[in-house]
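Here is a short report on one protein structure. It covers a cavity, a strand and some salt bridges.

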Amino acid sequence: MWPTVEERRVESRPQASQVGGGSRRGPDGGRAAVAALAVGERPSPCDLGQSSAVQVPSSRSEVARGSMERWRDRLALVTGASGGIGAAVARALVQQGLKVVGCARTVGNIEELAAECKSAGYPGTLIPYRCDLSNEEDILSMFSAIRSQHSGVDICINNAGLARPDTLLSGSTSGWKDMFNVNVLALSICTREAYQSMKERNVDDGHIININSATKYAVTALTEGLRQELREAQTHIRATCISPGLVETQFAFKLHDKDPEKAAATYEHIKCLKPEDVAQAVIYVLSTPPHVQIGDIQMRPTEQMS
């Protein structure tokens, strides 16, 4: 049930010069991927009249590799990439050959991860970017920098989130606003800007993935509303919500920063999910054929009760 956490220390506003390099659009990659994913079954009626010269992968691993190939060298934005799930997702995408802009309030950890990925020889690139997601101007500046240096976003993974021990009966209004600003409003702003980035470049096979939690119903509702809006817009851009249960990250230690024993106990009573488990779910979602929409994935530790 724990979302990832962005550190709450205010950093300086990002500069466009922090993002460099080039980009490649792939608006027609979706159709090519459908053909590449054929697994030897007889053609469907939709395939009649088309060329039957389809190269059939010899194994499921080839299918997985081929389906991620269309994303190679394209750009993914991962928010909250300084640790936990965001860092694991960024690493997994770089391993698949993507350009990844990883953003957070502080980028020291992302810079270290970028160096690790480069040293490991991964085919992709991780580009750290400092962004305060509670500030709309910072978000807009980040998308402007991505537009000018990389053309735009093809995949947007809204991962950043925070929590405070402010209950409904006794919590502070300021605490609720802090959570809403990052967990809901920032996610919505990034979604809007990512979609506009895809639309202006005629990218019709993009993907927006919201990392939710098992009980964050607002994001679940937003993702379904987004899916319906994308259908009304007659685009093939897909939307997915991934809702993990208890994931072993530094989240509990930030939530219970005055009680480290309570924080540690959060992860000790059951075998929790790992950030890499969620990253693999992201790769699965992106590797599905373009005609397949994974709307919602709910994943929990086997031993988790609720």
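Which helix gives the largest share of the lining of the largest cavity? Helix α6, residues 173-200, does, with 5 residues. Keep in mind that this is a predicted model.

**The cavity**

A search of the whole structure finds 1 cavity of 30 Å³ or more. About 50 Å³ of space lies inside the largest cavity. Its lining consists of T79, L133, N158, N159, A160, V182, N183, A186, L187 and C190. By type, that lining splits into 6 nonpolar residues, 4 polar and no charged.

**Strand β6**

Strand β6 spans residues 238-244, and 7 of its 7 residues are buried, so the rest of the structure largely encloses this strand. Both faces are covered. One side carries R238, T240, I242 and P244, and the other carries A239, C241 and S243.

β6 has strand partners. Strand β5, residues 207-211, pairs with β6 in the parallel sense over 5 bridges. Within that pairing, N210 has C241 of β6 as its bridge partner. Strand β7, residues 296-299, also runs parallel to β6, and 4 bridges join the two. Here S243 stands opposite Q298 of β7.

**Salt bridges**

The whole structure holds 12 salt bridges. The table gives three of them, with the N to O distance.

| Pair | N to O distance |
|---|---|
| D154 and R201 | 3.4 Å |
| R192 and E193 | 2.9 Å |
| K274 and E248 | 2.7 Å |

Take D154 and R201, whose side chains meet in a salt bridge. D154 sits in the loop between α5 and β4, and R201 in the loop between α6 and β5, so the pair ties together parts that are 47 residues apart in sequence. Are these two residues buried or exposed? Both D154 and R201 are buried.

In the second pair, R192 bonds with E193 through a salt bridge. R192 counts as partly exposed because its relative accessibility is 39%. E193 is buried, at a relative accessible area of 13%.

The third pair is K274 and E248. K274 lies in the loop between α9 and α10, and E248 in the loop between β6 and α8, so this salt bridge ties together parts that are 26 residues apart in sequence. K274 is partly exposed, at 36% relative accessibility. E248 is partly exposed as well, at 35%.

Some salt bridges share partners: R70, R74, D154, R201 and D205 are joined into one network this way.

Terms used:
Residues are numbered from 1 along each chain as its sequence is written. This is a predicted model: local features need pLDDT of at least 70, side-chain atom pairs count only at pLDDT 80 or more; totals for chains, interfaces and linings use all residues. Side-chain values use heavy atoms; hydrogens and water are left out. Buried means under 20% relative accessible area, exposed over 50%, partly exposed in between (1.4 Å probe, protein chains only). Two strands pair if DSSP finds at least two bridges between them. On a 1 Å grid over the protein atoms alone, a cavity is a set of points where a 1.4 Å probe fits but cannot get out, and a pocket is an open set with protein on both sides within 12 Å along at least five of seven lines; lining residues have an atom within 4 Å of a point. Grid points are joined across faces, edges and corners, and a volume is the space filled by probe spheres set on the points. Ala, Val, Leu, Ile, Met, Phe, Trp, Tyr, Cys and Pro count as nonpolar, Asp, Glu, Lys and Arg as charged, and the others, Gly among them, as polar. A salt bridge is a side-chain nitrogen of Lys or Arg within 4 Å of a carboxyl oxygen of Asp or Glu.
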